[in-house]
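Student: Could you walk me through the features of this model, one kind at a time?
Tutor: Gladly; have the sequence and the structure open beside you.

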Amino acid sequence: MTVKASTFWGDFTSRSDSSGFGDKARAVAAHRKVEEFVNAFTRDEYIIEFAPQGTRHIAYTVFDKKRIFITPSPLTDPSLSLEDMADILSGLACHETSHTRYGVETSYLTREVFGLNSNAHMLSNLLDDIRIERKFVADYPGFASIFRAPMDYVGNRNCTGVPISHGDVAVRATRYDTYTDWSQTDPDERQWWLDWADRNWDRESKDAYVAAIREGLAYLQSLSQKQQQAAKDAMKQAQPTGDADDADAGEPGDGMGQSEEPSMSGAGANDDSADNTGQSGGQSNESSDANSESPGQSGGQSAGGSPDTFDEEQPLSAGACAGSAIDANDSHEKRVDNQALSEVANSAIIIERMTYTTEDGDRVLPKVNNQKHNVGIAPNNNIASIVRNAFMRSRSGNDNEQRFNKSGTLDERSLHRIAYGETNLFTRKSAPSPQRITLWLLCDNSGSMQGDRLKQTEQLAAAIAQATLPMQTIKCQVWSWSGVNGNVASLNWKTGMPLTQFARMRANGGTPDAPIIGWASENITKQCGNSTPVIIMLSDGMGSSNLQDRVAKARKRGVKVYSVALASDLGEDYQRLVYGKGNYITCNGPVDTIARPLANMIARLATL
């Protein structure tokens with residue numbers, strides 16, 4: 001006998017709704033119920049969050065961050081009853097939980113073989129959606145109908161029109177066949193995807209699974225080539241006889257005839273709007289990134305960014321019902337790269353034209369270091385390794401409890417799992433969680449930094465940046481500064497950009513250290529949120545006489561300020577006076593010599 005998920009929601013579905021739709025109390029209650037479903041079925045501990053308003057994805061799982069995101073939009077839909085809301089959210093929760101139970105290995109396999117090819121991940125996700133839900137139903141037959149409500153929710157709202165691309169046809173045929181208007185679509189193309197899904201959804205061996213993805217990619221490519229050839233033929237027919245150069249006739253300009261949408265490159269995860277089993281042709285589940293809010297370009301692909309390809313001349317997006325199918329572990333760095341580079345490009349337009357005035361009246365021109373021929377910086381790997389280990393071993397915080405163990409202290413919050421045959425009901429204490437840090441490196445680019453001193457500063461800053469890359473709790477920015485026609489601070493790199501985009505520095509001008517500290521301390525506090533703001537000043541000389549006052553003001557504002565003296569002429573007495581004992585280190589020779597002291601300083605700051 002099957003059961004409706006809403007029967008497990010108790011008071012949520014039985015109480016009256018006198019406060020109207022969008023009630024915050026309802027959202028809190030719904031989040032708790034979704035969390036209970038995930039905790040009951042997952043084999044690992046995942047944090048459950050409602051996806052931000054306006055996000056493109058109905059639901060998605062970020063494996064590397066152990067997070068499941070689910071849209072709260074059903075809670076504000078006046079056409080739905082409380083029971084409908086409960087059924088939809090429960091189905092989404094179980095779909096994403098199924099990815100954590102049955103889909104991690106195939107996700108890693110797809111990334112390993114196909115890299116960031118968006119179409120490969122879309123096809124992998126289609127097969128995974130079918131497989132994981134059927135496995136879930138096999139393990140819990142009482143919940144055989146749990147995926148029907150979210151399937152209907154997505155299909156009836158987003159997938160009733162005509163498919164807009166070849167990728168969209170693949171998604172619609174295998175996931176939303178009964179909802180789709182097929183009147184203007186080639187029936188053979190639709191049938192091909194139905195047959196493809198039937199043949200391949202249960203492939204267990206790695207070779208067979210990869211072969212299935214390659215088969216789908218080859219078919220997409222053949223469709224793209226036919227479309228391009230049709231465009232060429234149309235141009236030839238439209239060309240007036242004898243008027244144009246035959247050599248140029250029929251060449252589609254700027255990709256004419258290719259898919260109009262950019263490839264979906266994924267916002268982060270097994271992006272799914274979970275759907276249902278029971279469809280013919282392997283359409284038991286929905287496409288992994290269906291989105292009810294904003295069909296079109298994936299949220300992870302920055303506007304104007306170049307889509308990644310593997311073996312296709314032109315990627316084909318899956319369209320409104322599928323979005324991106326790339327999973328969270330498919331290079332978190334790459335997805336954030338696009339976003340960060342777009343942010344930097346956009347910010348360049350704004351801040352290049354604006355001078356910032358600090359509370360003390362100092363004027364600073366913040367800008368983006370956009371060098372045309374950017375070859376990146378080679379970080380000092382020895383320092384990067386030592387500093388990374390310092391970050392890893394430095395722990396603080398209170399969320400140091402690991403749940404869902406098979407031994408340890410009995411967790412009363414997990415007792416409901418007994419009803420589902422689960423035995424991992426215990427908690428254990430673990431190493432405490434890392435402190436969240438917003439880190440700014442302020443690199444002196446004054447005239448005295450010419451030559452090896454500037455080169456070592458670049459390597460040191462790049463090494464620290466590299467050390468922060470695997471640390472999800474640390475967001476880093478590298479700024480170079482000097483006094484050239486005023487006080488200038490240039491953004492050279494930020495978390496999310498590849499190190500190959502670390503912009504070169506140029507030494508000239510004066511040393512306006514106090515104005516820069518004032519500007520940085522005011523602005524870092526606006527960005528840090530609930531993380532700890534930290535500034536490390538890298539300089540080789542004394543600049544403004546009031547630097548001590550600015551450092552004191554920054555600390556009063558809650559910013560941790562440290563110094564790396566890049567020359568011995570910044571003596572101990574001056575460093576101690578300005579920054580205080582234990583808050584500075586001095587580099588008197590090769591930059592390698594400060595690796596250990598720097599790591600020790602970072603270990604201390606990470607525990608504050």
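**Reading the features**

Tutor: A word on the ground rules before we start. This is a predicted model, in which local features need pLDDT of at least 70 and side-chain atom pairs count only at pLDDT 80 or more, while totals for chains, interfaces and linings use all residues. Residues are numbered from 1 along each chain as its sequence is written, and side-chain values use heavy atoms, with hydrogens and water left out.

Student: Let us begin with aromatic rings. How do I read a pair?
Tutor: A pair of aromatic rings is described by the distance of the centres and the angle of the planes. Rings of Phe, Tyr and Trp (its six-membered ring) pair if their centres lie within 6.5 Å; planes under 30 degrees apart count as stacked, over 60 as edge-to-face and the rest as tilted.

Student: How many aromatic pairs does a search of the whole structure find?
Tutor: The search finds 18 aromatic pairs. One of them is Phe8 with Phe37, edge-to-face, at 6.2 Å centre to centre and 85° between the planes. That pair links distant parts of the chain: Phe8 is in the segment before helix H1 (11–14) and Phe37 is in helix H2 (residues 24–41), 29 residues apart. Helices here are DSSP runs (H or I, at least four residues), as are strands (E, at least two), numbered from the N terminus.

Student: Is Phe37 buried or exposed?
Tutor: Phe37 is buried, with a relative accessible area of 6%. The terms work like this: buried means under 20% relative accessible area, exposed over 50%, and partly exposed in between (1.4 Å probe, protein chains only). Phe8, by contrast, counts as partly exposed at 36%.

Student: What is the geometry of the rings of Phe37 and Phe41?
Tutor: Their centres are 6.5 Å apart and their planes at 40°, so this pair is tilted. Both residues lie in helix H2, 4 residues apart, about one turn of the helix. Phe41 is buried, at 0% relative accessibility. Taking a wider view, Phe8, Phe37, Phe41, Phe136, Tyr140, Phe143 and Phe147 form one aromatic cluster.

Student: Now charges. What should I look for?
Tutor: Side chains of opposite charge can pair when their charged atoms come close. The cut-off for a salt bridge is a side-chain nitrogen of Lys or Arg within 4 Å of a carboxyl oxygen of Asp or Glu. The whole structure has 17 salt bridges by this search. Among them, Arg190 meets Asp177 at 2.8 Å, N to O. Arg190 belongs to helix H8 (residues 187–200), and Asp177 to the loop between helix H7 (166–175) and H8. Arg190 is partly exposed at 24%, whereas Asp177 is buried at 9%.

Student: Which residue does Arg199 meet in a salt bridge?
Tutor: Its partner is Glu215, at 2.5 Å, N to O. The pair connects helix H8 with helix H9 (residues 206–238), across 16 residues.

Student: Where do Asp360 and Arg550 lie?
Tutor: First, their closest N and O atoms are 3.4 Å apart, in a salt bridge. Asp360 lies in the loop between strand E5 (356–357) and strand E6 (363–368) and Arg550 in helix H14 (residues 547–556), so the pair ties together parts that are 190 residues apart in sequence. Asp360, Asp362, Arg550 and Lys553 are joined into one network by salt bridges that share partners. Within that network, Arg550 is buried at 8% relative accessibility, while Asp360 is partly exposed at 31%.

Student: And strands? How do I read their pairing?
Tutor: Two strands pair if DSSP finds at least two bridges between them. Strand E10 (residues 437–444) and E11 run parallel, joined by 8 bridges, with Leu442 opposite Trp479 in E11. On the antiparallel side, E11 pairs with strand E12 (residues 487–494) over 7 bridges, and Val478 stands opposite Trp493 in E12. E11 and E12 form a hairpin with 3 residues between them, and Asn485 in the turn has a positive phi of about 55°.

Student: Why is strand E11 described as largely enclosed?
Tutor: Of the 10 residues of E11 (residues 474–483), 8 are buried, so the strand is largely enclosed by the rest of the structure.
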